Structures are given as C-alpha cells and as structure tokens.
Amino acid sequence: MNRKVNILVVDDRPEGILAVEAVLTDPTYSIVPANSGNDALKALLSGEFAVILMDVQMPILNGFDTAQIIRTREKSRDIPIIFMSAINQDEQYVYQGYSVGAVDYIMKPFDPFVLKSKVAIFVDMYRKNKLIQEQAKKLYEAEVKTYAQALDKLEIKSLRRYQYLADAIPQVVFRLLPDGQYEYFNRVWFEYTGMSPTVASGHGWKEAVHSDDLPLLLNVFQSSTEERPQDIECRLRRHDGVWRWHLLRIEAERYEDPSEVKSWLGTATDIEERRREEDRERFLSRAGELLVSSLDFTKTLGELASLAVPQIADWCSFDALGDDGSLKVMASRHAQSDLTVPASALHQRYLEAGSTDFGSKKVFTTGIPEIQHDLSADFFEGIDLDQDTLEKLRSFRMRSLLIVPMRSQGRTVGTIIFASLRPGAYLDADVRFGLELGRRVALAYENFKLFSFSQQAIEIRNDFLSIASHELNTPITSLKLQLQTTKKSLELARSGELPLDRFRKSIDASCKQVDRLINLVQVLLDVSRIQSGKFTFRFQSVSLREMVDEVLERFREVIASNNCELSLSGVEDLRVIWDKTRIEQVMINLLTNAIKYAPGKITLGFERDDGKILLYVEDKGAGIPSEKLPAIFDRFERVGNQDSVSGLGLGLYIVKQIVEGHHGKVTVSSQEGQGTKFTVSLPLDASDQEPIPDEPSQSLSH
Ligand code: ADP
C-alpha cells in the first residue's frame with residue numbers, strides 16, 4: 001500500500017494553488033499549500049516532501065530565490081522543484097529556472113495531464129527512493145544484529161578461555177566490580193576458601209578476609225586514581241578455618257575513560273611460608289639478643305615465652321634441668337594470661353609424674369623433636385596420669401604441638417614446647433627453627449650454669465681463704481706467744497730462776513702448734529696434689545689391728561680431754577694391702593669430725609662384707625641435715641655451726657679421694673638429732689683392683 005506523500009505547492013495566488021489541487025486529485029497525495037517563498041521555506045523545515053511546485057512570480061521572495069535557499073539547506077537540497085510560470089515563457093527564464101536547481105518547467109496554463117504525469121514521475125521516484133532507503137536501513141540493521149551476535153559469541157568464547165586460563169593458574173585470580181562486589185573468582189578461590197559462589201556473591205567473599213586486614217583491602221577500592229597495581233598482605237581463611245597470609249595484587253581495569261574504574265583485577269598468592277620464615281628469623285634474632293642481655297636465665301626464658309605467645313604458639317613452655325637433676329618448668333606463657341599459672345602447674349605435674357614415653361620427657365630422653373599436627377583426645381592417654389589431670393589437660397584444647405630439645409654440645413638440658421589451638425600449626429620448617437632456638441637456649445643455659453658455678457666457686461674460695469687464714473693464724477699466734485714465753489723462760493732458766501722442767505713444757509706447747517700448722521699445710525698440700533693428679537698411694541701389707549691400735553693411741557688424750565667415750569667394734573687381726581698412712585688419715589679425719597661435731601659416745605667399728613672390709617665411725621651427735629648430705633664430700637663444704645668449730649671443709653673431701661684411690665666407697669647416713677654414721681668400704685687388697693676412671697673434681701649440679 002502506497003503511503004501518502006507531501007507535495008508542496010507554492011503560489012501567491014490562491015487560485016493558482018486551487019488549480020493544482022484540482023488536477024492532483026490522487027488520494028495518496030497530500031497537497032501542502034504555501035502562499036509565499038517564506039511560507040514554503042517554513043513548511044520545508046517541518047515536513048518531508050516528494051516534489052515542490054513553485055510559482056516563479058511571487059512578491060518579496062520570487063520562485064528562483066526561494067529555490068536557491070532550498071538548495072542550500074541540507075534537508076531540502078534534493079527535493080525536485082518544478083517551476084510554473086505564465087509570464088516569462090521565453091528561453092531565458094527557463095534557463096534561469098534550471099540554473100537554480102529546477103528539474104522541470106511548466107508553462108501556465110498547464111496541461112493537466114502533463115502536470116499529473118510529471119508529478120507522478122517525481123512521486124514515483126520519491127517512493128522508490130524511500131523504499132530503497134528503508135531496505136538499506138533494514139539490511140543495515142540485520143547486518144548489525146548478526147555482527148553483534150557474532151561478537152557476543154566471540155566474547156563468550158574468549159571469556160571462557162580466560163576462565164580456563166585463570167582456573168589453570170595455581171594462584172587465586174579475581175575480578176571485582178568497582179565497589180568491590182564479587183564479579184569473578186577462579187576455581188582456586190573456591191577450593192581454598194570452601195565457599196560456594198552464592199556465599200561469595202555480592203560482598204560475601206570478604207568473609208574470607210581476616211577482619212584485621214580488611215580495612216587495608218577496602219582502602220584499595222577507594223583509591224580509584226591509582227594507576228599502578230597495588231600490593232597488600234592479608235590473611236585469607238582456608239576451608240578448615242586456618243588463616244594463611246596472602247599477597248594480593250590489585251589493579252584497576254579502565255577502558256576509554258581513564259578516570260573511571262570498570263573493575264578490579266587481582267591475584268592472591270600464598271606467602272604463608274615466607275611470612276613464617278621471616279617471623280621465625282625475627283624471633284631468633286630477638287631471642288639471641290635476649291639471651292645475651294641478662295644473666296637472669298629464668299627471667300630471660302619468661303621474656304622468650306612472652307615473645308612466642310601468641311605469635312608462634314597459644315601456649316609455650318621452657319623446661320630445663322633443675323639443681324636436683326630433674327626437669328622443671330622454668331617459664332611458660334598461655335595466650336589467655338589467666339591460664340598461664342594453671343597450665344604451668346599441670347605441666348609441672350606431668351614432668352614430675354608423667355611417662356617418659358610421652359611429650360617433652362620423651363623428647364628430653366631421646367633428644368629427638370616431636371611434632372603433632374592434630375591431637376586427638378586419646379593422645380593424652382599416653383601421658384600416664386590420673387583421670388582428673390588428663391581432663392584438665394584436654395580442657396586446654398591444644399590441637400598441635402611442637403616439642404624440641406634444648407641441646408648443645410651433645411647434651412640435652414631441657415625442652416621447649418609450642419602448642420597451638422589450631423590443627424596443623426607447625427610444619428617441618430618450624431622444627432628447624434625450634435631446634436635452632438633450642439640450641440641457642442641450651443648454650444645460654446650452659447653459660448648461665450658456668451657463670452653461676454664460677455660465682456659459687458669464687459664465693460667458696462673467698463670463704464675458704466678467710467677460713468684458711470683464720471685456721472693458719474690461730475696456731476701461728478699461739479706459736480708466737482709460746483716462743484715469747486720460751487724466750488723469757490730461757491732467760492729465767494739461765495739465771496737459775498726457773499726449773500728446766502717448765503722450760504721444756506713451753507717448748508712442747510710450741511711443738512704442738514707447729515704440728516697443727518704442719519697438719520694444716522699437709523691438708524692443703526693433699527688438696528693441691530689431688531687437683532694436680534699427683535695424689536699417689538704406696539700400697540703395702542699391713543696389720544689392720546696394728547693400724548687401729550696406732551690410731552687409738554694418738555686419740556687417747558684428745559678423747560679424754562673432749563669428754564668422749566670411744567668404743568671399738570669388730571676389728572680383726574688380718575692383713576690388708578692398703579696405703580697405711582692414708583687409711584690411718586681416713587680414720588683420723590672421721591674420728592676428729594665425730595669428736596669435733598658430736599662429742600659423746602663414738603664407735604669405731606669394722607665388718608667383713610663379701611671380701612671387703614666395712615670401716616665405720618658412728619656418733620650420737622646432732623646429725624647433718626639431709627639436704628646438706630650430698631655436698632659434704634665436696635671441697636670447702638662446711639655445714640652448720642662453722643663459727644664454733646674450726647675446720648677447712650677439706651677433711652671429708654680428702655677421705656673420699658683416699659677411699660676411691662683404694663677402689664672403695666664412702667657413704668654417710670645421718671638423722672638430725674640422732675647421730676651420724678660414716679661407712680667406708682675397702683677391698684682387702686687395694687693394689688690389684690682395676691683403676692677407677694677419673695671423675696671431674698666437681699660436678700655442675702653440686
Ligand atoms: P671440716 O670439718 O673442716 O669443716 P670436713 O670435710 O671434715 O670439714 O667436714 C665437712 C662438714 O661435714 C663439716 O663442716 C661438718 O659440718 C659436717 N660433719 C662432718 N662430720 C660430722 C659429724 N660427725 N657430725 C656432724 N657434722 C659433721
């Protein structure tokens with residue numbers, strides 16, 4: 001069906017327009033009249049026309065001028081114009097009409113048939129043009145559509161490719177909307193976080209970012225002008241609840257407008273190992289500083305434990321050998337500070353009563369570190385403690401453990417425990433770190449022990465010096481007095497005023513003091529011989545009874561003057577191979593001590609025991625406190641009322657050396673208020689015994 005077309009008829013005379021209308025009666029024509037050139041121009045602005053019929057002769061703007069303006073306008077330049085003129089019928093006018101763009105020229109009065117046919121031709125052309133235009137448009141639209149579909153397909157394909165690629169990358173890859181909402185995460189993200197796409201959608205994915213690190217990440221989305229990729233380190237939660245450090249690199253995606261962020265492209269790389277390594281390095285270097293900064297070992301361990309919690313562990317304990325040779329909690333910390341004391345008490349209980357097949361006692365015994373990734377409830381059964389303690393232990397809910405020995409120069413001196421509330425907290429790299437820490441702490445422990453030992457030794461030596469000088473001074477002062485008396489006596493004797501007897505007495509007294517001095521010097525010489533390994537023995541066959549008689553003879557006077565009662569028991573008449581002088585020295589030292597420290601009833605007794613002789617000295621004195629007993633055989637070791645009784649603290653030390661030189665043993669049993677018994681066990685023939693290997697002169701622990 002033909003649509004209506006507009007035909008503009010321009011004539012200043014209404015009858016001219018009417019004449020045209022009368023001819024162009026086709027119902028598909030719409031005749032638009034215009035009474036002047038200006039009206040015609042106005043009509044052309046608002047409508048679309050197939051042809052213009054223009055009267056040439058018009059006032060103001062004639063047909064030609066109007067045509068000229070029409071031709072200058074973009075919209076109307078191609079509309080065919082047919083001039084109509086009655087007056088200017090000569091060639092000249094016709095030519096002018098064509099020069100301003102007329103396509104035809106009709107003379108008035110016109111032949112209706114000619115007008116009709118000419119208009120019909122232009123209308124037809126117009127319609128055909130229109131048709132062509134519409135078809136071209138349709139064609140264009142169809143093409144565009146096909147092209148867009150093809151593009152879509154291409155885009156989907158490349159998007160898929162991009163996703164496949166992103167999925168193949170071992171890192172997390174993501175793309176977020178400008179406000180940080182979820183747009184795309186690769187497979188690694190979902191595998192790592194255990195989230196479903198529904199949970200991650202919108203802002204849901206942020207649930208996997210540690211709340212402490214989230215503000216840092218959100219800052220990135222604010223910085224829309226930043227052109228370079230931004231790196232931030234933050235913790236991402238794994239599907240099992242474990243937080244691991246990641247490096248997030250985020251870059252804005254922009255297209256035409258560089259100020260507008262279209263999306264955020266990013267990757268997340270797991271840097272947990274690197275972070276741990278850095279943390280451990282930092283910890284070790286800080287530990288190194290702390291360990292050399294103070295000589296208060298327990299305090300230093302406390303600071304180390306505080307450093308480890310909560311960064312490395314939720315509970316940390318440093319256990320080391322105490323003075324009594326057993327493992328003790330030296331320092332411990334719990335992430336929840338009010339649990340530090342109960343946890344430490346519980347652990348101390350285990351150290352005292354728990355099995356050595358388990359935990360830190362096992363590590364201490366074997367020297368091999370232990371790592372537990374996920375402690376089950378029955379793990380604690382192995383600890384071999386009562387149910388109540390086990391329940392308490394379980395209540396701490398520790399899930400992973402790392403126990404390392406404190407070990408240096410082949411000696412284990414303690415253990416370090418790191419415990420975490422989360423499973424899998426410790427890796428193989430942590431074992432290396434733990435061993436290194438253990439080595440450093442053990443070294444510090446040894447140094448600390450050496451230091452306190454040398455402090456003790458200095459103290460003991462100082463004490464000894466003051467005692468020794470006092471001990472040496474006493475006989476020297478007496479000797480000097482005696483000599484002065486002797487000098488006076490000599491003068492008196494010379495003048496016959498003093499009987500010679502008195503003179504001899506003072507010489508005897510001087511000799512006694514010299515003997516005392518000799519004895520003291522002898523003791524000191526013995527100690528120095530022992531120290532330098534020159535304490536030798538001359539074994540010979542001697543009669544035991546003769547030896548005992550000689551000793552008793554020497555003591556007769558002393559015993560009487562000290563109100564003591566000495567009884568002899570079980571001495572046999574047999575021969576032994578000993579160093580006579582030295583074993584006499586043993587008896588003398590033990591008897592002297594009994595007289596000095598426990599005057600009263602004293603027994604010197606002998607027993608035979610499986611080819612050995614047991615020699616004992618027993619008294620009924622005040623006894624020795626049990627805690628002091630292990631030390632009394634050490635050098636310079638004195639117990640109790642030292643001021644009232646003289647002594648160098650060397651007698652029992654020398655006794656022990658002599659007895660051991662005879663391949664024997666000396667022991668002591670004592671009860672406070674009940675008395676003391678020293679027992680010396682000696683082989684009958686000390687000369688043919690295997691030598692006893694050298695022992696260090698003083699142990700570290702005592
Ligand atoms: P000294 O007698 O010179 O002090 P010793 O080595 O002989 O040194 O003795 C060490 C310590 O052992 C003494 O200081 C004393 O306290 C204690 N002791 C030794 N024998 C006895 C004893 N029979 N009764 C009580 N204490 C004793």
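The exercises below work through the ligand site and one helix pair of this predicted model.

**Exercise 1.** Identify which residues come nearest to the ligand, and describe the shell around the ligand by residue class.

*Solution.* Begin with the residues around the ligand, of which there are 18, and note that Asn593, Tyr597, Arg638, Val639 and Gly649 come nearest. Then sort the shell by class, which gives nine nonpolar, five polar and four charged residues.

**Exercise 2.** Find which polar atoms of Lys596, Gly649 and Gly651 lie by oxygen atoms of the ligand, and state how much of the ligand the protein buries.

*Solution.* Start from the side chain of Lys596, where a polar atom lies 3.1 Å from an oxygen atom of the ligand. Turn next to the backbone, where an N or O atom of Gly649 lies 2.7 Å from a ligand oxygen, and where a polar atom of Gly651 is 3.3 Å from an oxygen atom of the ligand. Finally, take the area that the ligand exposes when alone, 530 Å², of which the protein buries 95%.

**Exercise 3.** Determine which elements give two or more residues to the shell around the ligand, and which of them gives the largest share.

*Solution.* The elements that qualify are helix H17 (580-597), helix H18 (651-661) and strand E22 (675-683). Among these, H17 provides the largest share, with four residues.

**Exercise 4.** Describe how H15 packs against H18.

*Solution.* First take the geometry: helix H15 (residues 500-531) packs with H18 at an angle of about 50°, and their axes are 11 Å apart. H15 is therefore oblique to H18. Last, establish the hand of the crossing, which is left-handed where H15 passes H18.

Methods: Residues are numbered from 1 along each chain as its sequence is written. This is a predicted model: local features need pLDDT of at least 70, side-chain atom pairs count only at pLDDT 80 or more; totals for chains, interfaces and linings use all residues. Side-chain values use heavy atoms; hydrogens and water are left out. A residue is near a molecule or strand if one of its heavy atoms lies within 4 Å of it. A polar contact is a pair of N or O atoms within 3.5 Å; within protein, one must be able to donate a hydrogen and the other to accept it, and residues adjacent in sequence count only if both atoms are side-chain atoms. Accessible areas come from the Shrake-Rupley method with a 1.4 Å probe; for residues, only the protein chains shown count as cover. Ala, Val, Leu, Ile, Met, Phe, Trp, Tyr, Cys and Pro count as nonpolar, Asp, Glu, Lys and Arg as charged, and the others, Gly among them, as polar. Axes are lines fitted to C-alpha atoms, for helices over the stretch in contact, and angles run from 0 to 180 degrees between N-to-C directions. Angles under 35 degrees count as roughly parallel, over 145 as roughly antiparallel, 65 to 115 as roughly perpendicular and the rest as oblique. A crossing is left-handed if the near helix is turned anticlockwise from the far one by less than a right angle, and right-handed if clockwise.
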